[in-house]
Amino acid sequence: MVMSSARSAKQGGWLWDRLGIWLSGICLVHCLLLPITLFLLPLGAMLLTWHEDVHLAFALLLVPTTLLAFYQGYRCHHQKRVLGWFGVGLSLVLLASFPGHDVLGVIGGTAVTMLGSGLLIWGHWQNWRLRAHCDVVLAREEDP
């Protein structure tokens, strides 16, 4: 019974980290492809308006996903360095998403967003690895 709850906790934690990796990856691809798309398509002005909406959507999705993943992982592994990766990555994405493009310009805002997304991906990956290690240790302790 305890083993099944450990497995379900592991799968639930991995769900948030996997979702966070996907969202951060999509954000990264978005930042890489938008300048190319704006250059190639005559609808560039319309895409710029859509681009700002995408930043709001990513923020609304990344914040709770990152917080849930960290919370579930930290309860198991207690590694504060993961909070650092999540905190810096999320701060950079949010900074670049809202005031960043006006202050940093499109290229600077894109670079900061890409760095933040990369840190979020790294943080989710490390969080998942540390949680997996905790689950292995817990499973060994449960064996008779």
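This note comments on the fold, the nonpolar core and one buried acidic residue of a predicted model.

1. Basis. Local features require pLDDT of at least 70 and side-chain atom pairs pLDDT 80 or more, whereas totals for chains, interfaces and linings use all residues. Residues are numbered from 1 along each chain as its sequence is written, and side-chain values use heavy atoms, without hydrogens or water.

2. Fold. The protein chain contains 3 helices and 0 strands, in the order α-α-α from the N terminus; helices are DSSP runs of H or I with at least four residues, strands E runs of at least two. Of contacts (heavy atoms within 4.5 Å) between residues at least 6 apart in sequence, 80% join residues at least 24 apart.

3. Core. Of the 144 residues, 36% are buried, meaning under 20% relative accessible area with a 1.4 Å probe, protein chains only. The largest nonpolar core (buried Ala, Val, Leu, Ile, Met, Phe, Trp, Tyr and Cys joined through side-chain atoms within 4.5 Å) has 13 residues, and F58, L62, V82, F86 and L120 have the most contacts inside it. Helices α1 (2–40), α2 (44–77) and α3 (80–142) each supply at least two core residues, with the largest share, 6, coming from α3.

4. Residue D17. This residue of helix α1 is buried yet has no salt bridge, R131 being the nearest side chain of opposite charge at 5.0 Å; a salt bridge needs a side-chain nitrogen of Lys or Arg within 4 Å of a carboxyl oxygen of Asp or Glu. Beyond four places in sequence, D17 touches residues including F86 and W128.

Definitions and conventions
Buried < 20%, exposed > 50% of the residue type's maximum accessible area, 1.4 Å probe, protein only. Lys, Arg positive; Asp, Glu negative; His and termini not counted.
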